[in-house]
Amino acid sequence: MDERILQLKAEFQKKLSETRDLLDLDGIRVGFLGKKGSITSLLKEMKELAVEQKKAFGADVNKLKEFASAEIEKRTAELKQKQIEMEIRSMPRLDITTPAACSCGSYHPITLVQRQCETIFKSMGFTVEDYAEVVTDYECFESLNIPKHHPARDMQDTYYLENGQLLKSQTSAAQNAILRKYGPGLIQNGTPVRAIFPGRCFRNEATDACHENTFFQMEGVMVDKDISISNLIYFMKTMLSEVFRKDIKVRLRPGFFPFVEPGFELDISCLICGGEGCPSCKHSGWLELCPCGMIHPNVLREGGIDPEQYTGFAFGLGLTRLAMMKYGIKDIRDLNSGSLRALSQFTDDE
Ligand code: FA5
């Protein structure tokens, strides 16, 4: 074989072994096999050779050309593989067993107590009802024995829409619909009406540590033959002992609500100050939590139930205040603050 071919092959192999990346390799390809590359130039030199040398020289240069092309192809594949491996090695490692770095969401304290109350009442046979936030004057007042211009309306100033509807100031606004839904049909078949209906309420009032303009209540009604105040007290006591899981001091005092007769205020000893008096309980040591009473005959009648045959109780639990007491939240306004730092520390203790 011609000496120049052997030299060129050796030079090619040396350079090939020194390639680090695909760019280097492309340089070698152009340098040896390109239009002006050294192997291509050898072929061009053939025309200067004698005829008898041409054949052997041409065959050897072509062999070198094929050898160089195959080697470049092989090296290209190696370098590509190396590049992929390097990229994989430089990628951040993913350990799927590592616990998630982001924290999970949590329920709002009001949702927590609401769910707890729902569980308690459902276990006692109550259904849970959902009700609108925008209601009519009839639902919120008139069906509840509070006619237009009745002074009891002053205690619940709320927000009115231009069409005369209003944002409900009390969950009692659902009473009439619930009595009508279950009353006449179920009772006559011997099934008592037992329903709770939690919901958001709105009142146009100045806020302080225990009053918000937007808060939650949970209404409850039970109607059947011979329902009495003893039944009412039993359900209230069961609910409180389940929610707090400890003895809570409660007091029942007369309260006026046109839709119950007799009516009561059920207060609990303030759990923030232990009954000493603080801003959360308006310095009285007691917190109004759950007004209640025996449903007024006019309200039963308006709901399609005969008050001569049936009696019932109703209560309006202040869910937002219950959450304050259960979780030791001193200021009711923290519950609407949207502050995750304040709100995400509470967990369900079910
Ligand atoms: C009522 O709303 C009656 N509908 C409750 C009722 C139902 C009585 C059935 C008889 C029978 P009152 O306005 O007192 O009542 O509100 C009930 C409870 O809601 C209060 O005891 C209190 O816990 C809560 N509450 C009332 N106003 C606010 C407020 N501005 N901020 C936070 N909680 C409030």
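Q: Which element gives the largest share of the shell around the ligand?
A: One reads such a shell by asking which helices or strands its residues belong to. In this predicted model, strand β10 supplies the largest share of the shell around the ligand, namely four residues. The elements that contribute two or more residues to that shell are β5, spanning 214-224, and β10, spanning 311-318.

Q: How many residues surround the ligand, and which are the closest?
A: A residue is counted here if one of its heavy atoms lies within 4 Å of the ligand. By that reading 24 residues surround the ligand, and Q170, S172, R203, E205 and E212 are the closest of them.

Q: How is the shell around the ligand made up by class?
A: The general idea is to sort the surrounding residues by the character of their side chains. In this structure, the shell is divided into 11 nonpolar, seven polar and six charged residues.

Q: Which backbone atoms are paired with nitrogen or oxygen atoms of the ligand?
A: A polar contact is read as a pair of N or O atoms within 3.5 Å. A polar backbone atom of E212 lies 2.9 Å from a nitrogen atom of the ligand, while a polar backbone atom of E288 is 3.1 Å from a ligand oxygen atom. For L289, a backbone N or O atom is found 3.4 Å from an oxygen atom of the ligand. The ligand on its own exposes 670 Å², of which the protein buries 95%.

Q: Where does the ligand sit?
A: Here one compares the position of the ligand with the pockets of the protein. The ligand sits in the largest pocket.

Q: What joins E261 and P262, and where is P262 found?
A: The angle to read for a peptide bond is omega. Between E261 and P262 omega is about 0°, and the bond is cis; P262 itself belongs to strand β7, residues 260-269.

Q: What is the phi of N145?
A: For a backbone angle, one looks at the sign as well as the value. N145 is not a glycine, yet its phi is positive, at about 70°, and N145 is placed in the loop between α6 (137-140) and β3 (166-167).

Notes. Residues are numbered from 1 along each chain as its sequence is written. This is a predicted model: local features need pLDDT of at least 70, side-chain atom pairs count only at pLDDT 80 or more; totals for chains, interfaces and linings use all residues. Side-chain values use heavy atoms; hydrogens and water are left out. A polar contact is a pair of N or O atoms within 3.5 Å; within protein, one must be able to donate a hydrogen and the other to accept it, and residues adjacent in sequence count only if both atoms are side-chain atoms. Accessible areas come from the Shrake-Rupley method with a 1.4 Å probe; for residues, only the protein chains shown count as cover. On a 1 Å grid over the protein atoms alone, a cavity is a set of points where a 1.4 Å probe fits but cannot get out, and a pocket is an open set with protein on both sides within 12 Å along at least five of seven lines; lining residues have an atom within 4 Å of a point. A molecule sits in a cavity or pocket if more than half of its atoms lie within 2 Å of its grid points. Ala, Val, Leu, Ile, Met, Phe, Trp, Tyr, Cys and Pro count as nonpolar, Asp, Glu, Lys and Arg as charged, and the others, Gly among them, as polar.
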